[in-house]
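Reader: I am new to this structure and should be grateful for a close look at a single part. Please explain how the strands are arranged and what holds the arrangement together, step by step.

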Amino acid sequence: MKIIYRYLFKKFLGPFALTFFFALFILLMQFLWKYIDDMVGKGLELTIILEFLFYTSATFVSMAVPLAVLLSSLMTFGTLGERYEIIAMKAAGISIKKLLFALSLFVFLIAYSSFWFSDNIAPKAFYKMRVLLRNIMDQKPTLSIEEGVFYHGFDNFIIRVGQKDRNNVDIYDVLLFDHTKYQGNTTFTYAKRGKMEMTDDQTYMLFYLYDGFYWDESSDNTSAGKNPLTRSTFSEQYKRIDISSFKFEKSENDFYAATNQTFSNLELKGKIDTVMISVEQNNDELMASFLSFCYYLKNDILPRDSIPPNTDITQRELEPHKKAEIIDRTLMTKNDFNTALNKNKEYNMHLYSNIAAYKTEWYKKYVLAVACMLFFFIGAPLGSIIRKGGIGVPLVITVAFFSSYFMLSVFGEKIAKGGAVPVWFGMWLSTFVLIPIGAFLTYQASVDSALLSSEEIRRKLQQLNLRKRFSKKKKNENTATHA
């Protein structure tokens, strides 16, 4: 028995490791494709790129594990069924239930590890990834001056180089526009030749220009709106341009520390309790406003001491200006209370939206961990039924199941955040749909059902084809008889 279980683990571990890294790679490429335009041409060092990929991959681990469990269980049990190894195990007295139970313990360990990783490691990795991504997006494109092209990368300077040697130092036919006065192309320098180089600390770009002239027709505030022209020639000139903004610098941004994905479940629970306290305080303030409004109507608008004894207030005659004053004060008080009520409602909606976002992230970690078990009890029984190993058929089935699960998860998350349903229901909606499917497939596999096997499907299709041929032949015979 132990030998068979070790053999089963060995058959499962290989496909699981392969499919896990494959799923992680697909999710990573999908993410990078979204931000590829913000990263190309920034001249990033290899260490920065690898660090970013590492942190990003860590954020997708909890999503890649269920996908890997589904595909690997399909491949493992499909291969065992295709090679009739499951039949041999059954003949030896080992039922499919025992095989599923033995491997489910290992999958449970994988699910628990995935939950622990998503609760402790992934939030920190997400924070690091978002900060690094923001630094990359703020980074200016790589300094690349091409021949015959106006380069706009410098702050307040535009340069065009007519020709450049292969050493990227000697340049010819140089035109440099100076926009530091913010008056357009009124100041520029032209040189027949020159040299450009960067300081060792990559903070400044140095230009040594030779045999040229300087032109300046910018306006001067002291000349009453006139634009005096200044033109001079030079044999040698020196320009220094600040390029410190091109230098990649890491920075820590506390803004991302406030996003839901950077919190563990314990921290999320604390955030939910804090917001609930704010809701209660806001409701208490509203109740206090309501009681104050009632007290004002009862005691301030019509004070009791001003009413004669045994007098009905509704029948009491008042002077017209008194009536108008009472009505105005009442309407003003009512409007103030309505304003406070609407403000309270909007603030509560904001608080409940925050609670829904916190709860969504809190439930998501549990849902993805449970999905590992559900996908195993879908993939393993289905693989033993269809009896198809390899990567082809299992991959098609995996894509179909996981796509449906992902769409249900996104739909449930949207309606949960929108308040259409309770958060727990929206987040567990995909799980509620998968449980009957997993139970059905597990039962079918345990009773040796051939309902979904490839042989049974092929036999049904052949029978259907024979019936069509028989029906067509009988119809032709009837037509011939009538003729």
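Author: A definition comes first: two strands are taken to pair if DSSP finds at least two bridges between them. The model discussed here is a predicted one. By that criterion, strand β5, which covers residues 204-216, pairs with β6 through 12 bridges, and the two strands run antiparallel. One position illustrates the pairing: Y210 has E236 of β6 as its bridge partner.

The pair belongs to a wider arrangement. Six strands make up an open sheet, in which the order is β1-β2-β3-β4-β5-β6 and the pairing is antiparallel. The two edges are taken by β1 (150-151) and β6 (230-242); each of them has a single partner strand, so one side of each is left without a neighbour in the sheet. As a general matter, the strands of a sheet pair through backbone hydrogen bonds, in either the parallel or the antiparallel sense.

The sheet may now be followed from the edge at β1. This strand pairs with β2 (residues 157-164) in the antiparallel sense, and the pairing extends over two bridges. That count meets the requirement of at least two bridges. Within the pairing, F150 faces R160 of β2 as its opposite residue. The two strands form a hairpin, with five residues between them, and N156 in the turn has a positive phi of about 70°.

The next step leads from β2 to β3, where seven bridges join two antiparallel strands. Here V161 is placed opposite V174 of β3. This connection is again described as a hairpin, with five residues between β2 and β3; in its turn, N168 has a positive phi of about 60°.

From β3 the sheet continues to β4, and these strands pair over seven bridges in the antiparallel sense. L176 has T189 of β4 as its bridge partner. Both residues will return below.

Beyond this lies the pairing of β4 with β5, antiparallel and extending over 11 bridges. R193 finds its bridge partner in Y210 of β5. Y210 thus appears in two pairings, with R193 as a partner here and with E236 of β6 as described at the outset. The hairpin of β4 and β5 has five residues between the strands, and in it Q202 takes a positive phi near 55°. With the 12 bridges between β5 and β6, the passage across the sheet reaches the edge at β6.

One further feature touches these strands. In general, rolling a probe the size of a water molecule over the atoms shows where empty space is left. A search of the whole structure finds one cavity of 30 Å³ or more, and about 30 Å³ of space lies in the largest cavity. Its lining consists of F157, L176, F177, D178, T187, F188, T189, Y214 and K239. The elements that contribute two or more residues to that lining are β3 (170-178) and β4 (187-198). L176 and T189 are among the lining residues, and they are also bridge partners in the pairing of β3 with β4. By kind, the lining divides into five nonpolar, two polar and two charged residues.

Key:
Residues numbered from 1 in each chain as written. Predicted model: local features only at pLDDT ≥ 70, side-chain atom pairs only at ≥ 80, totals over all residues. Heavy atoms only, no water. Helix = DSSP H or I, 4+ residues; strand = E, 2+ residues; numbered from the N terminus. 1 Å grid on protein atoms, 1.4 Å probe; cavity = no way out; pocket = protein on both sides within 12 Å on 5 of 7 lines; lining within 4 Å. Points joined across faces, edges and corners; volume = space filled by probe spheres on them. Nonpolar A, V, L, I, M, F, W, Y, C, P; charged D, E, K, R; others polar.
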